[in-house]
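Have a look at the model below before reading on. The notes after it go through the fold piece by piece.

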Amino acid sequence: MWSQLKDTKTLSKNTRFDTIQEMTCEHFSQEKKIEPKAIECEECKKEHLPTVALRMCLTCGHVGCCDSSVGRHATKHFEETGHPVMKAVPDKSWKWCYVHEEYF
Ligand SMILES: [Zn+2]
Ligand SMILES: [Zn+2]
Ligand SMILES: [Zn+2]
């Protein structure tokens, strides 16, 4: 699964080279008011894994753990659903787009 993901990343990096100066993310414009569905990563809870930090999906409110956590459930959620954007919870200081691979 990892090698497949890396290939997609390289591809998307190459295709956005010429537009990098005025980067906007159209994925956030789809954003509605979304409330987190949970206060912790429920997958981690089930599997008894430690959670380092939490990310909330801005499409459906799914709460998953970050890539520093063992489960990487926020990334898995993107791979499974294609929901492109999430933000840090609970501090909400930044958002991340998986498609553009940029912080906003
Ligand atoms: Zn985007
Ligand atoms: Zn998790
Ligand atoms: Zn989602």
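What follows is a short tour of the sheet, the helix on it, the core and a few backbone oddities.

## The sheet

Keep in mind that this is a predicted model. Its five-stranded sheet is open, with antiparallel pairing and the order β2-β1-β3-β4-β5. β2 and β5 sit at the edges with a single partner strand each, so one side of each has no neighbour in the sheet. As a general point, strands in a sheet pair through backbone hydrogen bonds, either parallel or antiparallel.

Going through the pairs, β1 and β2 are antiparallel and share three bridges, and Leu54 has Cys65 in β2 as its bridge partner. These two strands form a hairpin with five residues between them, where Gly61 takes a positive phi near 85°. On to β1 and β3: they pair antiparallel over four bridges, with Met56 partnered by Lys87 in β3. Further along, β4 and β5 are also joined in the antiparallel sense, over two bridges; here Cys97 stands opposite Glu102 of β5.

## A strand covered on both faces

Which residues of β1 are buried on each side? Leu54 and Met56 are buried on one side, while Arg55 and Cys57 are buried on the other, and both faces of the strand are covered.

## The helix on the sheet

α3 lies across β1, β2 and β3, and runs at about 120° to β2. In this helix, His73, Ala74, His77 and Phe78 are buried. Looking down the axis of α3, you'd find these buried residues within an arc of 150°, so they line one face of the helix. The spacing fits the usual pattern: an α-helix has 3.6 residues a turn, so residues three or four places apart point the same way.

What do the buried residues of α3 pack against? Their partners are α2 (42-47), β1, β2 and β3. Just after α3 comes Gly82, with a positive phi of about 80°.

## The nonpolar core

The largest nonpolar core has 14 residues, and the ones touching the most other members are Cys41, Leu54, Met56, Leu58, Cys65 and Met86. At least two residues of this core come from each of β1 (54-57), β2, α3 and β3. The biggest contribution is from β1, with three residues.

Two of these names have come up already: Leu54 is the bridge partner of Cys65, and both belong to the group that touches the most other core members.

## Backbone spots to check

Now for the loops. Val89 and Pro90 are joined by a cis peptide bond, with omega at about 5°. Pro90 belongs to the loop between β3 (85-89) and β4 (95-97).

Two residues that aren't glycine have positive phi. Arg72 has a phi of about 50° and is located in the loop between β2 (63-65) and α3 (73-81). Glu101 has a phi near 55° and falls in the loop between β4 and β5 (102-103).

Are these two buried or exposed? Arg72 has 21 other C-beta atoms within 10 Å; a residue counts as buried at 20 or more, so Arg72 is buried. Glu101 has 11 within 10 Å; the cut-off for exposed is 12 or fewer, so Glu101 is exposed.

Notes: Residues numbered from 1 in each chain as written. Chains lettered and ligands numbered in written order. Predicted model: local features only at pLDDT ≥ 70, side-chain atom pairs only at ≥ 80, totals over all residues. Core = buried A, V, L, I, M, F, W, Y, C linked by C-beta atoms within 7 Å. Arc of directions from axis to C-beta. Contact = placed C-beta atoms within 7 Å. Pairing = 2+ DSSP bridges. Axes fitted to C-alpha atoms, helices over the stretch in contact; angles between N-to-C directions.
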